[in-house]
Amino acid sequence: MAQPDIPARSEIVLLSGHDLRRLLNPKIVIEALREAYAALADNPGDQGRSVGFMVDGGSIHVKSGLLPGSHLAFASKVNVNLPDNWKLRQLPTIQGMVLVSDAKDGRPLAIMESIALTGIRTAATAALAAGYGARKHSRRTAIIGCGAQAGYQLEAIKTVFALETVRVFDIDPARAEGFARANSTVTCAVMPAPSVRDAVRGADICVTCTTSKSPILTDDLDLRGCFVAAIGADNPEKQEIAPPLMRRARILVDDIEACASGGDLNHALRAGAC
């Protein structure tokens, strides 16, 4: 009896963090996200799903979803977030991987390191939102927290806005100084600031990318007209923005349920500020 034809197995694309940083420049990612959010707006039932687990010293998040509209592909990201990982083990705070599969025939298509991919995607999302929420001719930016995410944020925002001045603050002054030296250019001066107040003074855009569990943007700061991209508060224990500031703000979210269940919006809702 003749054996049925068996399709040749496809190779799985393996992409390291170095590969992703080489292939995914911010402009490409911002436009891809714009298309994805537009497709999701037309197909709200295709919102992805997230499951969180608290572990000793941090959390684990599993985020999965289908390609909105077409359902041609399925992706699942597993991230382990351990804020003290570098201090204790000299390992990155966030580690994990992303698996992409063909949703029609089940074939695994790619496995990608999620450290770089998360950084690139998070920064591109903030830059995309800033394109809608920040002043059109924003030139001055503040970045609070000078870890790995800060570099991605700066690169992405510079793709959308012609920045001239960036002030950075970190609880470790040496890290802020090192970041400033590494990223300052002739057309865009990056300078360390002695405090959050000094960093945000006069800023058009402020990015917070910390692991703080209490507000670092407090209601005594003058942030009128400033667009804030709050990146760090990704679970109910974390917080970067004081609720009174949220009360005075126009709030942009990508997933209202997810944002309301953890982070700054969650704290504002519980405080009755929103």
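In what order do the six strands of the open sheet with mixed pairing stand? In this predicted model, the order is β1-β6-β5-β4-β3-β2. Strands β1 and β2 (49-55) stand at the edges of the sheet. Each has a single partner strand, so one side of each is left without a neighbour in the sheet. Neighbouring strands are turned by 10 degrees against each other on average, direction ignored. In general, strands of a sheet pair through backbone hydrogen bonds, either parallel or antiparallel.

Two hairpins belong to this part of the chain. The strands β2 and β3 run antiparallel and are joined by seven bridges. Within this pair, V51 stands opposite V62 in β3. Two residues lie between the strands of the hairpin, and G57 there takes a positive phi near 90 degrees. Strand β3 (residues 58-66) is also joined to strand β4 (residues 73-81). Eight bridges link them, and they too run antiparallel. One facing pair is K63 and K77, the latter in β4. Another is S59, whose bridge partner in β4 is N81. The hairpin of β3 and β4 has six residues between its strands. In that turn, G69 has a positive phi of about 85 degrees.

Strand β3 also holds H61. Is H61 buried or exposed? With a relative accessibility of 14%, H61 counts as buried, because the cut-off for buried is under 20%. Leaving out residues up to four places away in sequence, H61 touches V51, G52, K77, V78, N79 and D234. Among these contacts, V51 stands opposite V62 in the pairing with β3. Another contact, K77, is the residue of β4 that stands opposite K63.

A second open sheet has five strands, and their pairing is parallel. The order is β9-β8-β7-β10-β12. The edges are taken by β9 (189-192) and β12 (227-230). Each of these has a single partner strand, so one side of each is left without a neighbour in the sheet. From one strand to the next, the twist averages 15 degrees. At one end of the order, strand β8 (residues 165-169) and β9 run parallel and are joined by four bridges. In this pair, T165 has A189 of β9 as its bridge partner.

Helices lie against these strands. Helix α6 (residues 173-183) lies across β8 and β9. The helix runs at about 170 degrees to β9. Helix α4 (residues 114-133) lies across β10 and β12, running at about 160 degrees to β12. Which strands of the six-stranded sheet does α4 touch? Helix α4 packs on that sheet through β4, β5 (94-102) and β6 (108-113). The direction of α4 makes about 85 degrees with that of β5. Helix α4 thus has strands of both sheets as partners.

Charged side chains add further links. Side chains of opposite charge can pair when their charged atoms come close. How many salt bridges are counted? The count comes to 15. In one of them, D204 pairs with R140, with the closest N and O atoms 3.4 Å apart. D204 lies in the loop between α7 (196-200) and β10 (205-208), whereas R140 lies in strand β7 (residues 140-144). The pair therefore ties together parts that are 64 residues apart in sequence. D204 is buried, with a relative accessible area of 5%. R140 is partly exposed, at 40%.

Another salt bridge joins D102 and R107, at 3.2 Å from N to O. D102 is buried, with a relative accessible area of 16%, but R107 is partly exposed at 31%. The two residues are linked with D105 in a network of salt bridges. A further pair is R224 and D222, with the closest N and O atoms 2.9 Å apart. Here R224 counts as exposed, at 69% relative accessibility. D222 counts as partly exposed, at 48%.

The surface also carries a nonpolar patch. Which residues make this patch of about 430 Å²? The members are I12, L14, M97, L99 and I111. I12 lies in the segment before β1 (13-15). At 38% relative accessibility, I12 counts as partly exposed.

Methods:
Residues are numbered from 1 along each chain as its sequence is written. This is a predicted model: local features need pLDDT of at least 70, side-chain atom pairs count only at pLDDT 80 or more; totals for chains, interfaces and linings use all residues. Side-chain values use heavy atoms; hydrogens and water are left out. A salt bridge is a side-chain nitrogen of Lys or Arg within 4 Å of a carboxyl oxygen of Asp or Glu. Buried means under 20% relative accessible area, exposed over 50%, partly exposed in between (1.4 Å probe, protein chains only). Two strands pair if DSSP finds at least two bridges between them. Axes are lines fitted to C-alpha atoms, for helices over the stretch in contact, and angles run from 0 to 180 degrees between N-to-C directions. Contact means heavy atoms within 4.5 Å. Patches are made of residues with over 30% relative accessible area and no salt bridge: like charges are joined within 9 Å, nonpolar side chains (Val, Leu, Ile, Met, Phe, Trp, Tyr) within 5 Å. Accessible areas come from the Shrake-Rupley method with a 1.4 Å probe; for residues, only the protein chains shown count as cover.
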